[in-house]
Each structure stands twice: as C-alpha cells, then as structure tokens.
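Hello,

Here is the structure I promised to pass on to you. Have a look at it first, and then read my notes below.

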Amino acid sequence: MIQVHNLVKRYGDLIALDHFDLTIHKGEIFGLLGPNGSGKTTAINCMLSLLKYSKGEVKLFGQPMGPNRYALKKRIGVVMQNVAVFNELTVIENINYFCGLYVPDKAKRKALVEEAIDFTGLGDYRKFLPKKLSGGLLRRLNIACGIAHKPELIFLDEPTVAVDPQSRNHILEGIRKLNQDGATVVYTSHYMEEVEQLCSRIMIMDKGKAVATGTKEELKAMIRTGEKLTVELHALPESILEEIRGIEGLVQVDYADNTLTMRYAAGGHHLSTVLDILRRHDISFGRVFSEPPTLNDVFLEITGTELKD
C-alpha cells in the first residue's frame, strides 16, 4: 500500500526526515510512534504530497504519488492532528461537504453520511454546530469527515489528543472496525499504550529517523531489558540490597522511597529468588508488581531518552 524510499525533508538547516524508509502492507494497522517533533506528521504530509521533500520516492497503491494524483487521493482518507471542520456548518453538513469532495452522487452520499454519523456515534448531534461540541465529539466529527467516503487507506494523525476517556475508547474501537472492514490504517501517536493496543506493526521514530520497526513482540526482543519487578518495603539494609544486586540476570537494582525496583535481562525471571532473600533476612514487604517491558523501554534503550519526554 505504501512504499517510501530514502525520503529527506529539510527546513533550512533542520533535517526533519533523514533518509526515511517505510513499507506498509494491505490490511495493516501500522503505528508511527515517537515523541512530539520526531517527524511523524512530516512523514505523513510528504506521503500525501502536502509537503515538498528534498529527496526520495513515495508510492501509494504501487504508483508514484504527487500533488495532482487525484485518482489516488480519492482512495485515501485523512484525519489530521488539528481539527479541520467548518464552524458555520452543522455536524451533518460538514460530513456531507467533505464526503461530496469524493462522491458526487447525492443519493449515495446521503447513505454514506448517515453511516459515518452512526459509526462515530454522532446521531444525537447531527444539527449541532462544532462550537457546541465537546473536544471528544469534535474529534469524532473530524474522523467522520475523513472516512465517510469509505477510503481504502486511512491516515490518522494523533486522533485522540486531548479527548476524554470515553471518546478515546470510542475512537480506538472505531479504528479497529475500519480495519476489519478492509481499510489499511496508518496511525501516529506518542501514546505508546494506544499503539501497543491497536497496531499490527510499529515503527519507532526519533529525530526524523526510523530507529526500529516490527511487531511489539519483535521490538521488545531487540533490547536487553526484560521484566520489571517492584517490591514495596519499609526498610532495606544496604548489605541485603548488595546481595540482591548480586543475583545473576538482574541488569538494574534501585531502592528509593521504600520501593525496591529491579529490571531483569530479557527472558529472566527472579521473583522467587528475590523474595527468598527477603524472607531469609526477615524483611517484611508489601505489594509486589511485575511488569513486562514496554515500548518506552525499547525507545529508552535505543535512543537514551524516554518516549514520554
């Protein structure tokens, strides 16, 4: 569906995309994950020929993409990060207008508009002006305008920014439904939980580069850090902390604010060993938490900074 090769985008001395490569297959929900400023939106704008780029090649549906490739654009739906609707038009008028850019037949368009309203849960708000909608409902309207014409390829750029939990869940469920109905989805976010939950494959971006690509399992297998174990303690003598640090396979051990935090090497499991040491020394402990590695751990180990920063 998408082939990007050696894409370079410069703003003066700033390199926004640095020899960027990307391949997305039909039927995927592909996640572009990275902090703000990593190049996600720039990459999408270049793929859609909304931005000129300095170097490289973009193909959509196996064909070269360009500003005048209207036959290709009819097969694409776009939901940008900034809400783009007409404030003077009602919900149904907005959806009808944007759908009309692709579907001239009024009868067919009317059915598609109603379907988009049902899909986004905006049935009770069809006559509302955008200024009367909450942030979450406004995001839903933005999505309805972008997908009403039933595109084969959908770009969703940070669609859940600043929305309430109910609208966020509604949006994520809607994206799954679009994919189940046959659409290929490109989803950008800096919320790693959403990307883990939704996407079949993920690219982690940083400073205009693709630093890693794969399924979430493949990405987590790339790093040496495995499971994270947290134990709540009232006190931990230094001698016992040193004994725990000596456990083979632990790559990090910290004790602060009555909390013992340990990270295993990938594939390691030492919970029973740690608890045996605490029991042997009569160290009472409270809650114990065990967490698998996250995409933030992948990003941190590869780039040296946290994804959430």
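Let me start with a small puzzle: in which loop is Thr-90 found? Please keep in mind while you look that this is a predicted model. Thr-90 sits in the loop between strand S6 (76-79) and helix H3 (91-100). With a relative accessible area of 14%, Thr-90 is buried, because anything under 20% counts as buried. If we leave aside its neighbours within four places in sequence, Thr-90 is in contact with Arg-126, Lys-127, Phe-128 and Leu-129.

Now for the overall picture. The protein has 309 residues, and 47% of them count as buried. Its secondary structure comes to eleven helices and 14 strands. The C-alpha trace spans about 80 × 45 × 35 Å along its principal axes. Taking contacts between residues at least 6 apart in sequence, 67% join residues at least 24 apart. The accessible surface is about 15,400 Å², and carbon and sulfur atoms account for 50% of that.

Next, the inside. The largest nonpolar core contains 27 residues, and Leu-33, Leu-156, Ile-175, Tyr-187 and Ile-202 are those with the most contacts inside it. Both helices and strands feed this core: at least two residues each come from several elements, including strand S3 (29-33), helix H5 (135-147), strand S7 (153-157), helix H6 (165-180) and helix H11 (295-303). Helix H6 gives the most, with four residues. Try clicking on Leu-33: beyond its neighbours within four places in sequence, its contacts include Tyr-191, Met-192, Ile-202, Ile-204, Leu-295 and Leu-307. There is also a second, separate core of 26 residues, and among them are Met-47, Val-58, Leu-72 and Leu-153.

Then there are the charges. The protein carries 38 positive and 39 negative side chains, and the centres of the two sets lie 11 Å apart. Side chains of opposite charge can pair when their charged atoms come close. How many salt bridges does a search of the whole structure find? The search finds 16, and three of the pairs make good examples to look up.

- Lys-177 and Asp-181 meet through their side chains in a salt bridge, at 2.9 Å from N to O. Lys-177 is partly exposed, at 38% relative accessibility.
- Asp-276 and Arg-279 form a salt bridge as well, at 3.6 Å from N to O. These two residues are three apart in helix H10 (residues 271-280), so about one helical turn separates them. Asp-276 is partly exposed, with a relative accessible area of 41%, and Arg-279 is also partly exposed, with 48%.
- Glu-238 pairs with Arg-245 in a salt bridge, and their closest N and O atoms are 3.6 Å apart. Glu-238 is partly exposed at 48%, and Arg-245 is partly exposed at 35% relative accessibility. Salt bridges that share partners join Glu-238, Glu-242 and Arg-245 into one network.

If you want somewhere to begin, go back to Thr-90 in its loop, then move on to Leu-33 in the largest nonpolar core, and finish with the network that joins Glu-238, Glu-242 and Arg-245.

Enjoy exploring, and best wishes!

How values were computed. Residues numbered from 1 in each chain as written. Predicted model: local features only at pLDDT ≥ 70, side-chain atom pairs only at ≥ 80, totals over all residues. Heavy atoms only, no water. Buried < 20%, exposed > 50% of the residue type's maximum accessible area, 1.4 Å probe, protein only. Contact = heavy atoms within 4.5 Å. Areas by Shrake-Rupley, 256 points an atom, 1.4 Å probe, with all protein chains shown as cover. Lys, Arg positive; Asp, Glu negative; His and termini not counted. Charge placed at Lys NZ, Arg CZ, Asp CG, Glu CD. Core = buried A, V, L, I, M, F, W, Y, C linked by side-chain atoms within 4.5 Å. Salt bridge = Lys/Arg side-chain N within 4 Å of Asp/Glu carboxyl O.
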